[in-house]
Amino acid sequence: MTAPRIAWLANDDASRRVLDLATKVAATSTTVLVTGESGSGKDQLARLIHELSPRRDAPYLKIDCASLPPELVESELFGHEKGAFTGAVERKLGRLELARGGAIVLDEVAALAPPIQSKLLRVLEERSFERLGGTETLRIDARLIALTNADLERLVAAGRFREDLFFRLHVFTIAVPALHQRPADILPLAEELLARLATVHGRVGIAFDHAACRLFEAYPWPGNIREMKNAIERALVFSSDPVLRPEHFPEHIRSAVALTGGAHGPLRSLEDIEHEAIAATLEATRYKITKSAEILGISRKTLLEKRKKYGLG
Ligand SMILES: Nc1ncnc2c1ncn2[C@@H]1O[C@H](COP(=O)(O)OP(=O)(O)O)[C@@H](O)[C@H]1O
Ligand SMILES: [Mg+2]
């Protein structure tokens, strides 16, 4: 198979399991429900499932159920015939029809209005539908991927989401863990986002210093990867330094860490701290000596001596 055109970085065991599930389900045409907090990577995972599937060259169409008014969700999904309602001046094909052979993604599926939930349920059961105002029955030939950051089971219990639709969607569910639940992803993701953003902003070669890495690891990232991406982009825009340090990141991030004591940790000897700082910097720069020395603020010669002393590399 050719390589997917999209990557879903997974270094932590928790996200590797997600990637595994995504790879397995990609090979099938099963309906997939992706749950997870906002910014955790649901959209990107849906895209990856499509890219890894035999349907990858067919369309990938998304409908944002939360931001479109209900009438529009309906006509976007099913399409309409000319004259189906005021303003329907000509026939319009819906995404279900346009996604032929590909994937249709319902983003924020919990926001679907009750009448559309009922209609969608019927469509999924029968695998067919009609355009609004139309009589021709059309077969569905697209994989459905539903995304939600809401707890659908709780919404079902509260009577706000149809239970039968929930079961139709809950065939193969992938729960994307929040970023703080996959700590081993934090630094690799930060590095990857920085590299990507640095290219966009013409700042190739920029790096995090050791303290910024510790800050990233200690902060709980309630807004997940999206928050991290925004924080890095903001730092790139506001500073022209070749090295990103904690002071380049928003106050609320720095103070959240200071409050939990994450920036301090247990008290240790200066030698220990030096050892750790050098190890982390070498690792972050993939053992580039000149770059590491620059970040650490010491000469190449001193770095080489200390590297030897601590047995690093
Ligand atoms: N595993 C990942 N590897 C690299 N980038 C990711 C990954 N997951 C998410 N992102 C990036 O993080 C941001 C938020 O992801 P998104 O899929 O939109 O989250 P959600 O749909 O859960 O709100 C996007 O810019 C996306 O490209
Ligand atoms: Mg999203």
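This passage walks through the predicted model, from the whole chain down to a ligand site and a few single residues.

The chain holds 313 residues, and 44% of them count as buried. Its C-alpha trace stretches over about 80 × 40 × 35 Å along the principal axes. Readers who follow the backbone from start to end will pass 14 helices and eleven strands. Sequence distance and spatial contact can be set side by side here: among contacts between residues at least 6 apart in sequence, 72% join residues at least 24 apart. The accessible surface of the chain amounts to about 16,000 Å², and carbon and sulfur atoms account for 54% of that area.

The chain is split into two parts, domain 1 (13-177) and domain 2 (182-309). The C-alpha centres of domain 1 and domain 2 are 39 Å apart. Where the two parts meet, eight residues of domain 1 are in contact with seven residues of domain 2.

Where, then, does ligand 1 lie with respect to domain 1 and domain 2? Both domain 1 and domain 2 give residues to the shell around ligand 1, so the ligand lies between them. The shell consists of 15 residues, and the closest are Gly-39, Lys-42, Asp-43, Gln-44 and Arg-226. Sorted by class, the shell around ligand 1 has four nonpolar, five polar and six charged residues.

Some of the surroundings of ligand 1 can be followed atom by atom. A polar backbone atom of Gly-39 is 2.7 Å from an oxygen atom of ligand 1. For Gly-41, a polar backbone atom is again involved, and here an oxygen atom of the ligand is 3.0 Å away. Gln-44 takes part through its side chain, where an N or O atom is 2.4 Å from an oxygen atom of ligand 1. On its own, ligand 1 has 560 Å² of accessible area, and the protein covers 90% of it. Helix 2 (42-52), helix 8 (186-200) and helix 10 are the elements that give two or more residues to this shell.

One residue of the ligand shell, Asp-43, also appears among the contacts of Tyr-60. Tyr-60 is placed in strand 2 (residues 60-64). Is Tyr-60 buried or exposed? Its relative accessible area is 16%, and because buried means under 20%, Tyr-60 counts as buried. Leaving out residues up to four places away in sequence, Tyr-60 touches Asp-43, Ala-46, Arg-47, His-50, Ala-103 and Val-105. Two of these partners can be described further. The C-alpha atoms of Tyr-60 and Ala-46 are 9.5 Å apart, with their positions 14 residues apart in sequence counted as the separation. With Arg-47, the side chain of Tyr-60 reaches the backbone nitrogen at 3.3 Å.

Ser-239 offers a second buried example, this time in a loop. This residue is found between helix 10 (224-238) and strand 11 (243-244). Its relative accessible area is 8%, so Ser-239 falls under the 20% limit for buried residues. Apart from residues up to four places away in sequence, Ser-239 touches Arg-203 and His-248.

The loop between strand 5 (103-107) and helix 5 (114-126) is the home of Ala-111. With a relative accessibility of 40%, Ala-111 is partly exposed. Its contacts, leaving aside neighbours within four places in sequence, are with Cys-65 and Ala-66. The C-alpha atoms of Ala-111 and Asn-149 are separated by 10 Å, and the two residues are 38 residues apart along the chain.

Glu-108 belongs to the loop between strand 5 and helix 5 as well. Which sign does the phi of Glu-108 have? The phi of Glu-108 is positive, about 55°, although this residue is not a glycine. Arg-127 also has a positive phi, near 55°, and it too is a residue other than glycine. Arg-127 sits in the loop between helix 5 and strand 6 (128-129). At 26% relative accessibility, Arg-127 counts as partly exposed.

Technical notes. Residues numbered from 1 in each chain as written. Chains lettered and ligands numbered in written order. Predicted model: local features only at pLDDT ≥ 70, side-chain atom pairs only at ≥ 80, totals over all residues. Heavy atoms only, no water. Helix = DSSP H or I, 4+ residues; strand = E, 2+ residues; numbered from the N terminus. Buried < 20%, exposed > 50% of the residue type's maximum accessible area, 1.4 Å probe, protein only. Contact = heavy atoms within 4.5 Å. Near = heavy atom within 4 Å. Polar contact = N/O pair within 3.5 Å; in protein donor to acceptor, adjacent residues only side chain to side chain. Areas by Shrake-Rupley, 256 points an atom, 1.4 Å probe, with all protein chains shown as cover. Nonpolar A, V, L, I, M, F, W, Y, C, P; charged D, E, K, R; others polar. Domains from an automatic or database assignment.
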